[in-house]
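Open your viewer and set it to cartoon. This tour tells you what to select at each stop, and what to look for there.

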Amino acid sequence: ADDGYRLWLKYDLIKDVAKREEYARSFQFIAVSNQSPILMNAAQELQVGLQGLLGKSVPIITDLGKKTGGVYLNEHQGFSNHIKYGDEGYMMSKSGNIFILANKGVGVLYGTFALLRHIQTGQLLTKLPYNSIPKIRYRLLNHWDNTNGTIERGYAGGTLWKWYELPATVDPRYHDYARANASIGINGTVVNNVNASARFLTDEYIQKVAALANVFRDYGIRVYLSVYFPAPKTIGGLKTADPLDPDVRKWWTDKTKEIYKAIPDFGGFLVKANSEGEPGPQDYGRTHADGANMLAEALAPYDGIVMWRAFVYKADPKADRFKAAHEEFTPLDGKFDKKVIVQVKNGPIDFQPREPFSPLFGNMPKTPLSMEFQITQEYTGFATHWVYEAPIFKECLESDTYINGKGSTVASVIDGSLHKYTMTAIAGVANTGSDRNWTGNPMAQANWYAYGRLAWDHTLSSEAIANEWVKMTLTSEPKAVKTITDLMLKSREIYVDYNTPIGLSRPWSGVHFAPEPWQEKSARPDWTAIYYHRADSIGLGFDRTATGSDALAQYRPEVQKQWNNPETCPLPYLLWFHHVPWTKKLSSGRTLWNELCTRFYTGADSVKWMQQQWAQVKPAIDPEIFADVTGRLATQHTEAIWWRDSWILYLQTYSKQPIPAPFQKPD
Ligand code: GCU
């Protein structure tokens with residue numbers, strides 16, 4: 001049985017013999033243009049893949065000569081048109097041989113995985129040529145992993161990194177981690193939590209991280225570290241961490257030198273500062289730019305970057321957290337060093353199941369902005385609920401900021417085309433852990449996969465990505481592929497319906513999952529549920545128009561126009577921007593109260609439908625994976641009912657209305 005360890009790199013034997021034989025004719029050998037570690041990794045991956053898919057052992061040769069009928073992995077700096085392809089793009093063509101051509105070995109590696117994907121998804125080789133160039137330069141995973149082996153907001157076991165064993169013992173799993181990431185084009189990994197321990201900057205940990213880097217390097221993956229801003233005090237013995245203090249600057253310069261000595265291709269630093277209690281430059285009366293530029297200065301001699309997070313907000317019950325990042329960061333536009341990228345979460349609050357795009361996108365034309373998505377399901381049901389996230393990512397990337405007129409999408413900000421940034425980046429908070437199947441829920445593997453594919457090419461559709469993932473990972477039986485893809489595409493809306501419909505957000509207690517919409521007290525006034533939903537006897541929702549917090553003013557007029565009229569604001573965003581009376585008739589023809597009840601009930605009922613659909617694919621799915629997902633769906637159904645009932649019973653104390661008749665039935 002399949003325990004999910006092999007992810008989408010399963011390479012199971014193609015059942016159709018004719019098809020297998022047809023492929024086999026084109027794979028009589030694998031020739032390499034050189035024997036660098038990265039090219040050999042590509043050749044060996046292809047060899048392993050073909051052994052599995054075709055049941056055939058294909059030799060690796062180092063001299064192509066005049067041979068035909070095989071694959072030629074060709075690293076060739078300066079081929080015609082090479083400038084366009086850069087360091088990572090590749091060309092794939094077929095004439096006599098299948099040629100994978102790239103300027104650098106890593107491009108050949110990406111092309112090799114693309115070729116395997118072609119075969120895994122049953123495409124004909126006559127579909128070649130096929131060329132590809134990534135649209136974003138830095139494509140990273142962010143691991144929120146701690147020194148003690150836990151993962152902040154991780155739901156798939158403990159950390160993958162065995163800190164106690166490193167650097168002497170190097171778990172073979174790191175190699176599989178690198179293969180999986182390279183197969184989807186991820187080229188960087190921040191190995192530790194943004195709530196960072198200073199220990200990661202000690203020599204002890206630098207050596208451990210260097211051992212990881214040694215494995216990842218030959219898959220084109222660079223390591224990065226999250227840094228604890230006051231580290232010069234905590235581990236450096238200095239009296240201050242003031243970024244303008246010469247001793248502090250020297251400390252960072254020396255530290256950076258030490259890191260590069262151990263890790264020559266180190267990627268750089270990720271920083272969470274003056275955010276949720278983490279210290280930062282503001283503690284010394286300095287700005288985010290002062291802090292970031294100090295680190296950029298330390299990185300100046302090297303090919304490394306600073307990713308400075310814009311996730312900031314104050315513990316002020318009167319302020320609107322929605323506005324905080326824009327308020328703090330837009331005045332700093334143009335003040336950052338050229339090695340700095342400001343990393344912005346997709347929405348203005350915090351990875352909610354649905355959020356409007358962050359108003360920072362487009363509003364810092366002189367500063368490269370990077371996208372931070374959350375792959376781990378902190379707010380979308382942990383590893384239990386089945387939520388396919390590509391539609392969440394796409395919804396944000398395709399949103400139009402109207403910054404330079406129509407068509408100024410968030411994607412065009414991130415990929416640098418709108419403001420001509422040369423440094424472009426995207427980050428995904430990882431959902432991996434020590435569970436055998438990496439992500440806890442087997443269906444959550446699709447979110448890691450989809451993130452990587454979109455980081456490479458944000459124009460791919462959610463459906464196309466789901467389709468290829470299912471075929472590579474679960475089954476190629478056409479009816480089952482269709483059923484599962486359909487479930488994936490609907491899963492996010494179903495979750496939103498029973499969890500936070502019509503623009504509700506953040507109804508959780510401290511663990512960020514147990515429903516607690518009635519929560520009024522917390523460590524901070526802005527960490528209560530009522531801060532976000534604003535339920536009262538009149539209605540529900542956060543007024544962010546001019547009569548309220550006026551957060552809408554942070555968007556361009558065209559965007560404001562979509563959202564600032566409660567009569568025309570699309571229902572998915574309604575309660576994000578308006579306080580709506582319970583009895584108000586919405587565009588759906590129902591009152592707010594009836595619409596809410598309809599969403600909560602149909603959402604929870606839809607999980608039953610998901611269970612029924614999943615039951616139908618049983619014959620096409622490995623029994624172990626089938627049983628695992630079946631169990632999780634049962635829990636999801638129970639919890640969907642908890643969400644529905646918690647919300648409805650609580651809101652009913654304000655609305656004073658009955659549950660509509662059609663829903664007054666046993667589950
Ligand atoms: C969320 C999350 C925290 C995390 C923070 C961040 O608030 O709950 O665990 O540290 O985001 O992104 O910094």
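Start with a term: a crossing of two helices is right-handed if the near helix is turned clockwise from the far one by less than a right angle. Keep in mind that this is a predicted model.

**Stop 1: helices α8 and α9**

Select residues 246-262 for helix α8 and residues 288-299 for helix α9. Their axes come within 8 Å and cross at roughly 45 degrees. That angle is neither under 35 degrees nor in the range 65 to 115, and therefore α8 and α9 are oblique to each other. Which hand does the crossing of α8 past α9 have? It is right-handed. Now show side chains. On α8, pick Arg249, Trp252, Thr253 and Thr256. On α9, pick Met294, Leu295, Glu297, Ala298 and Leu299. These residues make the contact. Colour them by class: five are nonpolar, two polar and two charged.

**Stop 2: helices α14 and α15**

Next, select residues 462-473, helix α14, and residues 478-499, helix α15. They pack at an angle of about 135 degrees, and their axes are 9 Å apart. α14 and α15 are therefore oblique to each other. Their crossing is right-handed. From α14, show Ser462, Glu463, Ala466, Asn467, Val470 and Lys471. They meet Val481, Ile484, Thr485, Met488 and Leu489 of α15. The contact of α14 with α15 holds six nonpolar, three polar and two charged residues.

**Stop 3: helices α19 and α20**

Move to residues 592-616 for α19 and residues 623-655 for α20. Here the packing angle is about 170 degrees, with the axes 9 Å apart. How do the two helices α19 and α20 run, roughly parallel or antiparallel? An angle over 145 degrees counts as roughly antiparallel, so that is the word for α19 and α20. Many side chains meet here, so take a few as a sample. Among those of α19 are Trp593, Phe600, Tyr601 and Trp614. Those of α20 include Leu633, His637, Arg644 and Trp647. By class, this contact of α19 with α20 has 16 nonpolar, six polar and two charged residues.

**Stop 4: the domains**

Zoom out and colour by domain. Domain 1 covers 17-132, domain 2 covers 138-460 and domain 3 covers 496-663. The C-alpha centres of domain 2 and domain 3 lie 29 Å apart. How many residues of domain 2 are in contact with domain 3? There are 27, and they touch 30 residues of domain 3. The domain 2 side of this contact has 15 nonpolar, seven polar and five charged residues.

**Stop 5: the ligand**

Select the ligand and show what surrounds it. You should find Glu152, Arg153, Val194, Asn195, Lys272, Glu276, Phe311, Asp350, Glu378 and His512. Six residues of this shell are charged, two are polar and two are nonpolar.

**Stop 6: two backbone exceptions**

Most residues other than glycine have a negative phi, and most peptide bonds are trans. Two spots here are worth a look.

First, select leucine 166 and proline 167. A cis peptide bond joins them, with omega about 0 degrees. Proline 167 sits in the loop between β7 (138-142) and α5 (173-183).

Then go to phenylalanine 382. It is not a glycine, yet its phi is positive, about 55 degrees. Find phenylalanine 382 in the loop between β13 (369-374) and α11 (390-397).

Note on methods: Residues numbered from 1 in each chain as written. Predicted model: local features only at pLDDT ≥ 70, side-chain atom pairs only at ≥ 80, totals over all residues. Axes fitted to C-alpha atoms, helices over the stretch in contact; angles between N-to-C directions. Helix = DSSP H or I, 4+ residues; strand = E, 2+ residues; numbered from the N terminus. Contact = placed C-beta atoms within 7 Å. Nonpolar A, V, L, I, M, F, W, Y, C, P; charged D, E, K, R; others polar. Near = placed C-beta within 6 Å. Domains from an automatic or database assignment.
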